[in-house]
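Subject: A structure for you to look through

Hi,

Here is the structure I promised to pass on to you. Please open it beside this email, so that you can follow along as you read.

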Amino acid sequence: MTVTLGILGVGHMTGAMVEGWARLPEGERPRFFLSPRNAERAAALAAALGAEVMESNAAVVEASDIVVLGVRPWQAEEAFKGLPWREGQLALSVIAGIKQAVLADWVAPAKVVRAMPVTACAFGESANALYPADPEAKALMEGLGAVSELDDESAFDRLAVHGCTYGWLLSLLEDITQWSIEAGIPPEAARRHVAQTFRAAGTTALEDPSPVSDLVDELGSPGSFTGKGLETLRGQDYFGPWRAALDRIRQEYDG
Ligand SMILES: NC(=O)c1ccc[n+]([C@@H]2O[C@H](COP(=O)([O-])OP(=O)(O)OC[C@H]3O[C@@H](n4cnc5c(N)ncnc54)[C@H](OP(=O)(O)O)[C@@H]3O)[C@@H](O)[C@H]2O)c1
(Lines give C-alpha, C1' and ligand atoms only; values in the text may rest on other atoms or scores of the structure.)
Protein backbone atom coordinates (compact mmCIF):
# COMPACT_ATOMS: atom_id res chain seq x y z
CA MET A 1 0.00 0.00 0.00
CA THR A 2 1.32 3.46 -0.89
CA VAL A 3 2.60 5.40 2.12
CA THR A 4 1.13 8.87 2.52
CA LEU A 5 3.85 11.29 3.53
CA GLY A 6 3.25 14.83 4.75
CA ILE A 7 5.87 17.57 4.88
CA LEU A 8 5.66 20.41 7.41
CA GLY A 9 8.50 22.77 6.53
CA VAL A 10 9.02 22.59 2.78
CA GLY A 11 12.61 23.82 2.66
CA HIS A 12 16.14 22.97 1.69
CA MET A 13 16.37 19.71 3.68
CA THR A 14 12.91 18.27 3.11
CA GLY A 15 13.05 19.28 -0.57
CA ALA A 16 16.11 17.05 -0.98
CA MET A 17 14.34 14.25 0.92
CA VAL A 18 11.28 14.43 -1.34
CA GLU A 19 13.56 14.38 -4.39
CA GLY A 20 15.23 11.23 -3.03
CA TRP A 21 11.97 9.43 -2.27
CA ALA A 22 10.58 10.45 -5.67
CA ARG A 23 13.43 8.45 -7.29
CA LEU A 24 12.20 5.21 -5.73
CA PRO A 25 10.52 2.69 -8.03
CA GLU A 26 6.75 2.89 -8.46
CA GLY A 27 5.14 1.02 -5.60
CA GLU A 28 7.83 2.07 -3.08
CA ARG A 29 7.36 5.77 -3.79
CA PRO A 30 5.24 7.60 -1.19
CA ARG A 31 2.42 9.99 -2.05
CA PHE A 32 3.47 13.46 -0.89
CA PHE A 33 1.34 16.12 0.82
CA LEU A 34 3.08 19.46 1.25
CA SER A 35 2.47 22.36 3.63
CA PRO A 36 1.37 25.48 1.70
CA ARG A 37 3.92 27.67 3.52
CA ASN A 38 6.83 28.58 1.20
CA ALA A 39 4.39 28.41 -1.71
CA GLU A 40 7.03 28.84 -4.40
CA ARG A 41 9.14 25.84 -3.32
CA ALA A 42 6.03 23.71 -2.70
CA ALA A 43 4.69 24.55 -6.17
CA ALA A 44 8.06 23.67 -7.75
CA LEU A 45 8.11 20.27 -6.00
CA ALA A 46 4.50 19.69 -6.93
CA ALA A 47 5.21 20.43 -10.59
CA ALA A 48 8.44 18.39 -10.75
CA LEU A 49 7.49 15.39 -8.62
CA GLY A 50 3.72 15.20 -8.57
CA ALA A 51 3.43 16.18 -4.88
CA GLU A 52 0.18 17.78 -3.69
CA VAL A 53 0.15 21.17 -1.99
CA MET A 54 -2.49 21.17 0.78
CA GLU A 55 -4.53 24.13 1.96
CA SER A 56 -3.16 24.07 5.54
CA ASN A 57 -0.78 22.27 7.89
CA ALA A 58 -3.82 20.63 9.50
CA ALA A 59 -4.83 19.17 6.11
CA VAL A 60 -1.29 17.77 5.71
CA VAL A 61 -1.52 15.99 9.08
CA GLU A 62 -5.01 14.66 8.34
CA ALA A 63 -3.93 13.20 4.98
CA SER A 64 -0.67 11.55 6.07
CA ASP A 65 0.45 8.28 7.74
CA ILE A 66 3.90 9.80 8.27
CA VAL A 67 4.65 13.50 8.71
CA VAL A 68 8.18 14.86 8.30
CA LEU A 69 8.85 17.73 10.71
CA GLY A 70 11.29 19.99 8.84
CA VAL A 71 10.96 23.59 10.04
CA ARG A 72 13.79 25.53 11.71
CA PRO A 73 14.09 24.80 15.46
CA TRP A 74 12.65 28.14 16.58
CA GLN A 75 9.63 27.73 14.25
CA ALA A 76 8.70 24.26 15.53
CA GLU A 77 6.42 24.78 18.52
CA GLU A 78 4.13 27.21 16.72
CA ALA A 79 4.12 25.04 13.59
CA PHE A 80 3.17 21.71 15.21
CA LYS A 81 1.10 22.39 18.33
CA GLY A 82 -2.67 22.05 17.99
CA LEU A 83 -2.68 20.11 14.69
CA PRO A 84 -4.94 17.01 14.37
CA TRP A 85 -2.26 14.45 15.29
CA ARG A 86 -3.56 10.91 15.81
CA GLU A 87 -2.62 7.58 17.38
CA GLY A 88 -0.58 5.36 15.06
CA GLN A 89 0.88 8.27 13.10
CA LEU A 90 4.66 8.72 12.79
CA ALA A 91 6.14 12.21 13.17
CA LEU A 92 9.67 12.03 11.77
CA SER A 93 11.69 15.04 12.89
CA VAL A 94 14.83 16.18 11.07
CA ILE A 95 15.11 19.24 13.31
CA ALA A 96 18.53 19.56 14.94
CA GLY A 97 18.64 19.90 18.70
CA ILE A 98 14.98 19.46 19.73
CA LYS A 99 14.60 16.42 21.99
CA GLN A 100 12.12 13.63 21.38
CA ALA A 101 10.16 14.31 24.60
CA VAL A 102 9.64 17.98 23.67
CA LEU A 103 8.42 17.08 20.19
CA ALA A 104 6.23 14.27 21.59
CA ASP A 105 4.43 16.81 23.77
CA TRP A 106 3.67 19.00 20.72
CA VAL A 107 2.45 16.19 18.43
CA ALA A 108 0.75 13.79 20.90
CA PRO A 109 -0.55 11.14 20.42
CA ALA A 110 1.65 10.62 17.32
CA LYS A 111 4.90 8.68 17.76
CA VAL A 112 8.11 10.72 17.37
CA VAL A 113 11.32 9.47 15.76
CA ARG A 114 14.29 11.76 15.16
CA ALA A 115 16.44 11.54 12.03
CA MET A 116 19.47 13.49 10.89
CA PRO A 117 19.97 13.13 7.13
CA VAL A 118 22.09 15.25 4.80
CA THR A 119 21.02 16.72 1.47
CA ALA A 120 22.73 13.88 -0.44
CA CYS A 121 19.42 12.10 0.17
CA ALA A 122 18.38 13.71 -3.13
CA PHE A 123 20.73 11.11 -4.72
CA GLY A 124 19.99 8.22 -2.32
CA GLU A 125 23.45 8.72 -0.74
CA SER A 126 22.63 10.33 2.62
CA ALA A 127 24.14 9.24 5.96
CA ASN A 128 21.05 9.03 8.18
CA ALA A 129 21.24 8.94 11.98
CA LEU A 130 18.01 7.68 13.60
CA TYR A 131 16.68 7.66 17.17
CA PRO A 132 15.11 5.53 18.54
CA ALA A 133 15.28 2.33 16.51
CA ASP A 134 11.98 2.09 14.64
CA PRO A 135 11.29 -0.27 11.71
CA GLU A 136 8.83 2.09 9.96
CA ALA A 137 11.18 5.09 10.14
CA LYS A 138 14.19 2.95 9.21
CA ALA A 139 12.47 1.55 6.10
CA LEU A 140 11.56 5.07 5.00
CA MET A 141 15.02 6.57 5.62
CA GLU A 142 16.79 3.65 3.90
CA GLY A 143 15.21 4.96 0.69
CA LEU A 144 17.53 7.98 1.10
CA GLY A 145 20.78 6.26 2.09
CA ALA A 146 22.42 4.24 4.87
CA VAL A 147 20.82 4.37 8.33
CA SER A 148 22.62 4.31 11.71
CA GLU A 149 20.04 3.56 14.43
CA LEU A 150 20.78 4.49 18.04
CA ASP A 151 18.89 3.74 21.24
CA ASP A 152 20.46 6.55 23.25
CA GLU A 153 19.37 10.11 22.49
CA SER A 154 22.63 11.76 23.62
CA ALA A 155 24.56 9.43 21.31
CA PHE A 156 22.13 10.41 18.53
CA ASP A 157 22.77 14.12 19.16
CA ARG A 158 26.52 13.48 18.95
CA LEU A 159 26.17 11.54 15.70
CA ALA A 160 23.87 14.26 14.39
CA VAL A 161 26.80 16.71 14.60
CA HIS A 162 27.97 15.04 11.39
CA GLY A 163 25.06 16.67 9.60
CA CYS A 164 27.41 19.69 9.93
CA THR A 165 30.56 17.69 9.13
CA TYR A 166 28.96 17.07 5.72
CA GLY A 167 28.90 20.82 5.01
CA TRP A 168 32.44 21.31 6.29
CA LEU A 169 33.70 18.48 4.07
CA LEU A 170 32.04 20.14 1.07
CA SER A 171 33.82 23.36 2.03
CA LEU A 172 37.17 21.51 2.22
CA LEU A 173 36.41 19.86 -1.12
CA GLU A 174 35.80 23.32 -2.60
CA ASP A 175 39.11 24.68 -1.23
CA ILE A 176 41.07 21.71 -2.59
CA THR A 177 39.29 22.08 -5.94
CA GLN A 178 40.19 25.79 -6.08
CA TRP A 179 43.84 24.94 -5.35
CA SER A 180 43.74 22.44 -8.22
CA ILE A 181 42.25 25.02 -10.59
CA GLU A 182 44.93 27.54 -9.58
CA ALA A 183 47.50 24.78 -10.28
CA GLY A 184 46.23 24.74 -13.89
CA ILE A 185 43.68 21.90 -13.95
CA PRO A 186 40.49 22.58 -15.95
CA PRO A 187 37.69 23.37 -13.44
CA GLU A 188 35.38 20.51 -14.45
CA ALA A 189 38.17 17.90 -14.21
CA ALA A 190 39.34 19.38 -10.88
CA ARG A 191 35.86 19.23 -9.35
CA ARG A 192 35.14 15.71 -10.60
CA HIS A 193 38.51 14.31 -9.56
CA VAL A 194 38.54 15.88 -6.09
CA ALA A 195 34.94 14.77 -5.46
CA GLN A 196 35.79 11.22 -6.56
CA THR A 197 38.84 11.28 -4.26
CA PHE A 198 36.56 12.12 -1.28
CA ARG A 199 34.20 9.32 -2.34
CA ALA A 200 37.17 6.92 -2.72
CA ALA A 201 38.29 7.65 0.85
CA GLY A 202 34.75 7.00 2.14
CA THR A 203 34.42 3.78 0.16
CA THR A 204 37.74 2.46 1.47
CA ALA A 205 36.74 3.27 5.08
CA LEU A 206 33.40 1.48 4.54
CA GLU A 207 34.68 -1.54 2.63
CA ASP A 208 38.15 -2.32 4.06
CA PRO A 209 37.79 -3.90 7.51
CA SER A 210 41.29 -2.80 8.66
CA PRO A 211 41.47 -0.04 11.28
CA VAL A 212 41.50 3.29 9.44
CA SER A 213 44.69 4.24 11.31
CA ASP A 214 46.42 1.21 9.67
CA LEU A 215 45.20 2.34 6.24
CA VAL A 216 46.57 5.84 6.89
CA ASP A 217 49.92 4.46 8.12
CA GLU A 218 50.18 2.27 5.03
CA LEU A 219 49.46 5.18 2.67
CA GLY A 220 51.62 7.63 4.58
CA SER A 221 54.74 5.55 5.26
CA PRO A 222 57.81 7.69 6.19
CA GLY A 223 59.46 9.24 3.16
CA SER A 224 56.42 8.73 0.89
CA PHE A 225 54.73 11.77 -0.68
CA THR A 226 51.54 11.10 1.31
CA GLY A 227 53.68 10.76 4.44
CA LYS A 228 55.41 14.10 3.81
CA GLY A 229 52.05 15.81 3.37
CA LEU A 230 50.73 14.23 6.57
CA GLU A 231 53.81 15.50 8.40
CA THR A 232 52.99 19.05 7.24
CA LEU A 233 49.31 18.71 8.19
CA ARG A 234 50.00 17.20 11.60
CA GLY A 235 52.80 19.72 12.25
CA GLN A 236 50.14 22.44 11.95
CA ASP A 237 47.60 20.55 14.09
CA TYR A 238 45.23 20.40 11.12
CA PHE A 239 42.59 18.56 13.14
CA GLY A 240 42.61 21.23 15.89
CA PRO A 241 40.11 23.58 14.18
CA TRP A 242 37.92 20.60 13.19
CA ARG A 243 37.84 19.41 16.81
CA ALA A 244 36.91 22.95 17.92
CA ALA A 245 34.04 23.08 15.41
CA LEU A 246 32.79 19.60 16.42
CA ASP A 247 32.97 20.52 20.14
CA ARG A 248 31.13 23.79 19.50
CA ILE A 249 28.18 22.12 17.74
CA ARG A 250 28.09 19.29 20.30
CA GLN A 251 27.78 21.90 23.06
CA GLU A 252 25.03 23.74 21.18
CA TYR A 253 23.07 20.49 20.69
CA ASP A 254 23.53 19.70 24.41
CA GLY A 255 21.94 23.11 25.10
N1 LIG B 1 19.80 22.17 5.62
C2 LIG B 1 20.35 21.01 5.95
O3 LIG B 1 21.29 20.50 5.30
C4 LIG B 1 19.84 20.23 7.15
C5 LIG B 1 20.40 19.01 7.49
C6 LIG B 1 19.85 18.27 8.53
C7 LIG B 1 18.79 18.79 9.26
N8 LIG B 1 18.30 20.02 8.96
C9 LIG B 1 17.19 20.53 9.74
O10 LIG B 1 16.12 20.77 8.85
C11 LIG B 1 15.35 21.86 9.32
C12 LIG B 1 15.10 22.80 8.17
O13 LIG B 1 16.33 23.31 7.70
P14 LIG B 1 16.40 23.90 6.23
O15 LIG B 1 17.80 24.26 5.98
O16 LIG B 1 15.69 23.01 5.28
O17 LIG B 1 15.54 25.26 6.44
P18 LIG B 1 14.59 26.02 5.44
O19 LIG B 1 15.06 25.86 4.04
O20 LIG B 1 14.44 27.41 6.00
O21 LIG B 1 13.20 25.25 5.57
C22 LIG B 1 12.32 25.43 6.62
C23 LIG B 1 10.94 25.64 6.02
O24 LIG B 1 9.96 25.61 7.06
C25 LIG B 1 8.97 26.57 6.73
N26 LIG B 1 8.13 26.91 7.87
C27 LIG B 1 8.35 27.80 8.87
N28 LIG B 1 7.30 27.86 9.73
C29 LIG B 1 6.37 26.98 9.24
C30 LIG B 1 5.08 26.62 9.66
N31 LIG B 1 4.48 27.17 10.73
N32 LIG B 1 4.42 25.69 8.93
C33 LIG B 1 4.97 25.13 7.84
N34 LIG B 1 6.20 25.46 7.38
C35 LIG B 1 6.90 26.38 8.07
C36 LIG B 1 9.82 27.72 6.27
O37 LIG B 1 9.04 28.71 5.64
P38 LIG B 1 9.51 30.27 5.78
O39 LIG B 1 10.75 30.39 4.96
O40 LIG B 1 8.34 31.00 5.27
O41 LIG B 1 9.77 30.52 7.25
C42 LIG B 1 10.77 27.00 5.33
O43 LIG B 1 10.18 26.79 4.07
C44 LIG B 1 16.10 22.51 10.48
O45 LIG B 1 15.44 22.25 11.68
C46 LIG B 1 17.47 21.86 10.43
O47 LIG B 1 17.97 21.63 11.75
C48 LIG B 1 18.79 20.74 7.91
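Below is what I found, going from the whole protein down to a few single residues.

**The whole protein**

Please keep in mind that this is a predicted model. The protein has 255 residues, and 29% of them count as buried. Its C-alpha atoms fill a box of roughly 65 × 40 × 30 Å along the principal axes. If you colour the model by secondary structure, you should find twelve helices and eight strands. Among contacts with a separation of 6 or more, 52% are between residues 24 or more positions apart.

**Two domains**

The chain is divided into domain 1, residues 4–160, and domain 2, residues 163–254. Taken over C-alpha atoms, the centres of the two domains are 31 Å apart. Seven residues from domain 1 and six residues from domain 2 make the contact between them. On the side of domain 1 that touches domain 2, helix H7 (residues 153–160) gives the largest share, with three residues. That side of domain 1 is made up of four nonpolar residues, one polar residue and two charged ones.

**The sheet**

Next, try tracing the strands. Which order do they follow across the sheet? The eight strands form an open sheet in the order E3-E2-E1-E4-E5-E6-E7-E8, and the pairing is mixed. Strand E3 (52–53) and strand E8 (145–149) are at the edges with a single partner strand each, so one side of each has no neighbour in the sheet. As a reminder, strands of a sheet pair through backbone hydrogen bonds, and the pairing can be parallel or antiparallel.

Strand E1 (residues 4–8) is a good place to start. Four of its five residues are buried, so to speak of it as mostly covered is fair. E1 pairs with strand E2 (residues 31–34) in the parallel sense, over four bridges. One of the pairs to look for here is Leu5 of E1 with Phe32, its bridge partner in E2. E1 is also joined by four bridges to strand E4 (residues 66–69), and these two run parallel as well. In E4, Val68 stands opposite Ile7, while Leu69 stands opposite Leu8.

Now turn to E4 itself. Ile66 and Val68 point one way from this strand, Val67 and Leu69 point the other way, and all of them are buried. E4 pairs in the parallel sense with strand E5 (residues 90–93) too, again over four bridges. There, Leu69 has Ser93 of E5 as its bridge partner.

**Helix H1 and the ligand**

E1, H1 and E2 together make a right-handed β-α-β unit. Within H1, the buried residues are Met13, Thr14, Gly15, Met17, Val18, Gly20 and Trp21. What covers them? The cover includes E1, E2, helix H2 (39–49) and E4.

H1 also takes part in the surroundings of the ligand: helix H1 (12–22) and helix H4 (76–80) each supply at least two residues of the shell. How many residues surround the ligand, and which are the closest? There are 24 of them, and the closest are Gly9, Gly11, Asn38, Ala79 and Ala96. By type, the shell divides into eleven nonpolar, ten polar and three charged residues.

**One residue up close: Ala190**

To finish, have a look at Ala190, which lies in helix H9 (residues 187–207). Is Ala190 buried, exposed or partly exposed? There are 19 other C-beta atoms within 10 Å of its own, and a residue needs 20 or more to count as buried, so Ala190 is partly exposed.

Which residues does Ala190 touch, once you leave aside its neighbours within four places in sequence? Its contacts are then Thr177, Ser180, Ile181 and Ile185. Take Ser180 from that list: this residue and Ala190 are ten residues apart in sequence, and their C-alpha atoms are 6.0 Å apart in space.

Enjoy exploring the model, and write back with any questions.

Best wishes

Conventions:
Residues numbered from 1 in each chain as written. Predicted model: local features only at pLDDT ≥ 70, side-chain atom pairs only at ≥ 80, totals over all residues. Near = placed C-beta within 6 Å. Nonpolar A, V, L, I, M, F, W, Y, C, P; charged D, E, K, R; others polar. Domains from an automatic or database assignment. Contact = placed C-beta atoms within 7 Å. Buried ≥ 20, exposed ≤ 12 C-beta atoms within 10 Å, placed from the backbone. Pairing = 2+ DSSP bridges. Right-handed = clockwise from strand over helix to strand, strands pointing away.
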